[in-house]
Amino acid sequence: MIRVVIVGAGPRAVMLVERLLARRTRAASPRLHITLVDPHPPGAGRIWRRDQSPLLKLNSMARDVTVFTDETCAISGPVRSGPSLIEWAERVRAGTIPDVAIDDPDLDAELRTLRGDSFPTRRLQSVYLDWFWRRTVSIAPPGVEVHEHRGIVQWVDDTTEGYEVALADGIRLPADIVVYALGHNGRDPDGETRALITAAADAGLTYVPPSFTADADLSVLGAGDDVILRGMGLAAVDAIVLLAEGRGGRFVRTPEGRLRYEPSGREPRLYLGSRRGVPYRSKVSSELRGDAPAREVLTPAAIADLLARPGTIDFLDDVWPLIARELVWGHYRELFTGHPERVLVAWGVFRETLRAVDGDTAALRRAVAEVVPDPLDRFDVPALDVPLGHEAFADAAEVHGRVRQHIVDDLHLRTTPERSTAQALFLTILQSFLAVSEIPAERWSARSRAIDLPVTWHTFFSYVASGPPAHRLEEIGALADAGIVRFLGPEIAVRVDDGRFVASSPRVPGEVRAGALLDAWLPSAEAASSDNAALRELATRHGREVHVADETFTGSLGRIDTDADGRVVSRDGIPHATLFAIGPFTSGMEAGAFTRPRSNALSLRHTDRVAGAVSEAVAAVSERRWAFSR
């Protein structure tokens with residue numbers, strides 16, 4: 001029996017198990033014993049576990065969530081289709097999936113009323129993932145045993161026969177193959193965070209450092225406290241929800257249709273700021289009306305031309321301009337073909353204009369102004385990325401009002417049916433994400449690998465395509481109207497001065513002083529500084545962090561070096577034959593775990609590829625044993 005130990009049991013780990021079992025097509029395959037080790041429930045893992053606030057939701061609609069491969073997946077393993085989250089809920093309601101029992105009335109009510117365009121709670125997602133785990137184990141073919149062990153891996157030792165996985169409870173699991181699938185983890189504080197922790201302690205201030213919102217101790221923020229909140233992405237939205245509605249306040253709809261917040265009196269006062277100064281763009285709910293998106297600029301031919309050139313490829317110089325132009329094409333294709341009544345020329349005419357000016361922002365704005373009467377129909381990437389531009393504000397009231405209006409405009413553009421260009425933009429940026437993944441890691445410049453891809457590109461993508469549900473932004477607007485939330489503006493800076501946290505923006509006169517600071521973003525995925533002992537050991541003993549260097553940049557990704565098949569690269573540069581890693585802490589393109597159905601998703605393709613390599617390793621270990629036994 002070949003023993004595989006998977007460190008972690010979240011969605012990616014269970015999806016890997018499903019892909020491994022899908023490849024067991026031969027009766028003569030070696031017997032396989034798979035053990036997943038995690039302190040949290042298998043399937044959901046830490047992030048999606050049921051034990052968290054029912055207010056916390058996915059930022060994806062139920063129709064856009066699946067853990068199954070389908071006919072669109074370009075994979076070498078067999079396709080084994082299954083229901084998306086909404087299809088699963090519909091089958092549970094119909095009784096065709098009978099092995100789902102929910103003893104929580106609120107959770108049961110959510111499942112009964114879930115629609116395709118609903119944003120499900122993380123707790124309901126945990127039920128779906130639990131069912132996926134149980135289904136995967138229940139249909140394991142003969143010769144395969146799959147087990148879970150609730151525990152924490154401390155380290156992995158080499159032995160003469162493979163590995164020994166040491167757990168915190170004293171158990172040691174023998175393994176022929178080890179796969180690290182740890183998902184998101186916390187990390188030791190970085191330099192700025194350590195300085196703030198020390199300064200807050202010295203001044204008697206309250207500081208909540210970056211963490212996963214469901215695990216953050218928000219109880220230290222008292223009713224009526226002034227709290228500076230840095231960050232306006234998903235973690236910030238979750239924190240705001242927990243500090244407002246989570247403290248007993250409620251949202252009500254007025255007869256005029258406006259959302260109003262009724263405070264409980266237990267909320268703190270939140271002063272929000274970030275680099276952009278505005279929240280992430282909301283999720284899109286409109287549908288396409290015009291021609292389907294198609295890669296017009298960042299085409300396979302364009303990628304081939306980049307790869308044919310000698311030397312490295314630089315993201316900012318070589319690829320970002322193509323992405324920006326592609327987004328312009330995506331927006332205007334939908335506007336001109338889906339809403340011809342709102343433009344003054346036909347799409348065929350404007351296509352020729354785009355070919356001439358799509359890379360020149362100033363020329364593009366002039367050309368668009370002549371044929372697109374409504375300013376809300378006009379688009380360019382700088383305005384999308386930095387909506388406050390270079391604006392300066394007279395005072396705190398003006399910047400607060402400006403951000404409040406931005407939220408209103410963003411909701412209008414991304415949720416009303418007639419503004420379907422937002423859906424085209426969303427699909428175009430997804431296509432661009434897949435296109436960028438076609439470029440092998442080794443072809444990128446050092447700075448591109450260390451900063452531009454994992455930070456610049458990934459942050460922009462998340463800001464545009466992976467923001468909160470629209471109702472969350474509407475709620476933040478209502479909180480602003482109720483005086484619970486105030487917007488500080490862009491390029492926010494925070495310091496400790498005279499016993500207080502002080503926040504300021506270079507474009508807004510004055511500053512805000514408060515006794516508490518909440519840094520609302522997720523810890524970065526740096527393996528050597530992770531709070532997970534097994535991951536730190538992987539970075540410093542069995543494997544190595546990726547270090548990149550060229551004539552213009554030297555740095556580290558902070559991530560585990562893996563080859564394209566997920567094999568951990570040893571400290572001497574040779575991939576391990578029986579040690580694998582998959583997830584956000586590895587050097588591959590980050591793509592999440594579960595994904596949109598029928599999108600040939602990168603996450604499914606990569607998981608299947610790693611499963612193929614693990615299956616090859618299983619066969620190789622079996623052949624060596626058979627040869628030795630003779």
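**Nonpolar cores, helix packing and local backbone features**

In the largest nonpolar core, which has 91 residues, the members touching the most other members are Val 319, Tyr 332, Phe 336, Trp 457, Phe 487 and Leu 518. Helix H8, spanning residues 315-338, gives the most to this core, contributing 11 residues. A second core, separate from this one, comprises 59 residues, among them Met 15, Leu 36, Cys 73 and Leu 107. The model is a predicted one, and the values reported here are computed from it.

The surroundings of Leu 518 were examined with neighbours within four places in sequence left aside. On that basis, Leu 518 is in contact with Val 208, Leu 218, Leu 221, Val 227, Ile 228, Leu 229, Arg 230, Ala 239 and Leu 243.

Two helix pairs were examined. Helix H8 packs against helix H9 (residues 347-357) at an angle of about 165 degrees, and the axes of the two lie 10 Å apart. Angles over 145 degrees count as roughly antiparallel, and H8 and H9 are therefore roughly antiparallel to each other. Their crossing is right-handed. On the H8 side the contact is made by Val 328, Trp 329, Tyr 332, Arg 333, Phe 336 and Thr 337, and on the H9 side by Trp 347, Phe 350, Arg 351, Leu 354 and Arg 355. By residue class, the contact of H8 with H9 holds 7 nonpolar, 1 polar and 3 charged residues. Tyr 332 and Phe 336, which take part in this contact, are also among the core members listed above as touching the most others.

Helix H8 also carries Gly 330. This glycine has a relative accessible area of 1% and is therefore buried, the cut-off being under 20%. Apart from neighbours within four places in sequence, Gly 330 is in contact with Ala 424 and Thr 428. Its C-alpha atom is 9.3 Å from that of Ala 422, although 92 residues separate the two in sequence.

The second pair consists of helix H1 (residues 11-22) and helix H4 (residues 122-138), which pack at an angle of about 25 degrees with axes 10 Å apart. Angles under 35 degrees count as roughly parallel, and this description therefore applies to H1 and H4. The crossing of H1 and H4 is left-handed. From H1, the residues Pro 11, Val 14, Met 15, Val 17, Glu 18 and Leu 21 meet Leu 129, Phe 132, Trp 133 and Thr 136 of H4. The residues of this contact comprise 8 nonpolar, 1 polar and 1 charged. Met 15, on the H1 side of the contact, is also one of the residues of the second core.

Outside the helices, Pro 279 occupies the loop between strand S12 (269-273) and helix H7 (300-308). Pro 279 is buried, its relative accessible area being 4%. With neighbours within four places in sequence left aside, its contacts are Met 232, Val 403, Ile 407, Tyr 463 and Leu 473. Pro 279 and Val 237 are separated by 42 residues in sequence and by 8.4 Å in space, C-alpha to C-alpha.

Backbone torsions were also considered. Most residues other than glycine have a negative phi. Arg 598, however, has a positive phi of about 50 degrees, and Asn 600 likewise has a positive phi of about 50 degrees. Arg 598 lies in the loop between strand S21 (575-581) and helix H17 (602-629), and Asn 600 is placed in the loop between S21 and H17. With a relative accessibility of 48%, Arg 598 counts as partly exposed.

Methods. Residues numbered from 1 in each chain as written. Predicted model: local features only at pLDDT ≥ 70, side-chain atom pairs only at ≥ 80, totals over all residues. Heavy atoms only, no water. Core = buried A, V, L, I, M, F, W, Y, C linked by side-chain atoms within 4.5 Å. Buried < 20%, exposed > 50% of the residue type's maximum accessible area, 1.4 Å probe, protein only. Helix = DSSP H or I, 4+ residues; strand = E, 2+ residues; numbered from the N terminus. Contact = heavy atoms within 4.5 Å. Axes fitted to C-alpha atoms, helices over the stretch in contact; angles between N-to-C directions. Parallel < 35°, antiparallel > 145°, perpendicular 65-115°, else oblique. Left-handed = near helix turned anticlockwise from the far one by under 90°. Nonpolar A, V, L, I, M, F, W, Y, C, P; charged D, E, K, R; others polar.
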